[in-house]
Amino acid sequence: MAFEPPQRLVRALGESAPDGDDWVERLPETAEQAVALRELTVERVQVPGGRSSLVVLVRRPDGTPAVLKLAPARARPESERAALAHWDGRGAVQLLEPFVTEGVLLLERLHPDVSVRSLPEAKALLEAAGALRRLWVEPPGDHVFETVAERTGRQASVMRGASAEVAGLVSAALDARESLLAAPPEERLLHGTFRQSKVLSGVRSPWLAVGPDPVVGECAFDLARLVRDRVEDLIASPSGAATTRRRIKRLAESLEVDQERLRGWTLFRAVESGVRALRVGRPKDAELLLEFAGWL
């Protein structure tokens, strides 16, 4: 079978590495080798798939369905592997193989086309929040995960070079970050890129998280990305700003997170995403994100 990367993946990798590398060119051969090594039977490539990895639906030699995931080094697949191993299936997809192949993960098969995003909004938020809570555990004592301070520090450096038209929002986001990092309330292993589409229907559990970009820090940072889920619907609604404030309050109370800290991280992460969208030529996404950030 030809392992052609979906166009969504090609475009996204082009945005994250505009000067390019040869990972995409080598991907068909890498996938073939990974399949042969594990004696897998390929069903299909998941389309449209993700923005940072190739996902292939496969069966193991005994017929068990599984997922083969291949990701470039800049997507930090070894960090994902370490987090999944630490969670060991509690709230997240199960890692299926103990041995390490760089950039390749063999995972439990969930229902790839059924995420909590398919549920009505209120129900989706409730289920997603419940899945997220199970992931917030103590990190391993010898962990090498990136911290929230480190990740947002890299992002803040890039944000400072944003255009003058967004300078006010960038300044507010950077001030919020500095204040939040001064006294974090806890240190937990976090999913890092959590949203409704990252929670899929499973067999052994109704909903399980996938695709972490793990980071260690406070829980409010992880929850912040969930606040802006379905941002296009929020922006289109005349009550979008009020709905956002209610969502922050409801999520903070249900997961016992400080409401003001959640608002601050939601602001930082929305502005960071908006500035990044501007930088890579996605002005419509940037407009939505920055308008949302303005409500905070």
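1. A good place to start is helix H10, where 15 of the 21 residues are buried, so the helix is largely enclosed by the rest of the structure. Please keep in mind that this is a predicted model. H10 covers residues 259-279 and reaches 30 Å from its first C-alpha to its last, close to the 30 Å expected at 1.5 Å a residue.

2. Both ends of H10 deserve a look. At its start, the backbone nitrogen of Glu260 has a side-chain oxygen of Asp258 within 3.1 Å. Just after the helix, Gly281 adopts a positive phi of about 85 degrees.

3. Staying with H10, you will find an aromatic pair made by Trp265 and Phe268, with an edge-to-face arrangement: the centres are 5.9 Å apart and the planes make 90 degrees. Because these two residues are 3 apart in the helix, about one helical turn separates them. Are they buried or exposed? Trp265 is buried, and Phe268 is buried too. Phe221 joins Trp265 and Phe268 in one aromatic cluster. The structure as a whole holds 3 aromatic pairs.

4. Next, the open sheet of 4 strands. Its order is S1-S2-S3-S4, and the pairing is antiparallel. Strand S1 (41-45) and strand S4 (104-108) are the edge strands, each pairing on one side only. From one strand to the next, the twist averages 30 degrees.

5. Strand S3 can be followed through its two pairings. With S2 (residues 54-59), S3 (residues 65-70) pairs in the antiparallel sense over 6 bridges, and here Leu68 of S3 is the bridge partner of Val56. With S4, S3 again runs antiparallel, joined by 5 bridges. On that side, Leu68 stands opposite Leu106 in S4.

6. Is the edge strand S4 enclosed or open to its surroundings? 5 of the 5 residues of S4 are buried, so this strand is largely enclosed by the rest of the structure. Two helices come into contact with it. Helix H2 (residues 23-38) packs on the sheet and touches S1, S2, S3 and S4; the direction of H2 makes about 145 degrees with that of S3. Helix H3 (residues 77-87) lies across S3 and S4, and runs at about 35 degrees to S4.

7. Two loop residues that follow these helices are worth checking for their backbone angles. Glu39, in the loop between H2 and S1, has a positive phi of about 55 degrees although it is not a glycine. Its relative accessible area is 57%, so Glu39 counts as exposed. Asp88, in the loop between H3 and S4, also has a positive phi, near 50 degrees, in a residue other than glycine. With a relative accessible area of 44%, Asp88 is partly exposed.

8. Finally, which residues does Asp213 touch, leaving aside those up to four places away in sequence? They are Arg76, Arg151, His191, Gly192 and Thr193. Asp213 sits in the loop between strand S8 (207-209) and strand S9 (215-217). Although it is a loop residue, Asp213 counts as buried because its relative accessibility is 16%, and the cut-off for buried is under 20%.

How values were computed
Residues are numbered from 1 along each chain as its sequence is written. This is a predicted model: local features need pLDDT of at least 70, side-chain atom pairs count only at pLDDT 80 or more; totals for chains, interfaces and linings use all residues. Side-chain values use heavy atoms; hydrogens and water are left out. The expected span of a helix is 1.5 Å times one less than its number of residues. Buried means under 20% relative accessible area, exposed over 50%, partly exposed in between (1.4 Å probe, protein chains only). A polar contact is a pair of N or O atoms within 3.5 Å; within protein, one must be able to donate a hydrogen and the other to accept it, and residues adjacent in sequence count only if both atoms are side-chain atoms. Two strands pair if DSSP finds at least two bridges between them. Axes are lines fitted to C-alpha atoms, for helices over the stretch in contact, and angles run from 0 to 180 degrees between N-to-C directions. Contact means heavy atoms within 4.5 Å. Rings of Phe, Tyr and Trp (its six-membered ring) pair if their centres lie within 6.5 Å; planes under 30 degrees apart count as stacked, over 60 as edge-to-face and the rest as tilted.
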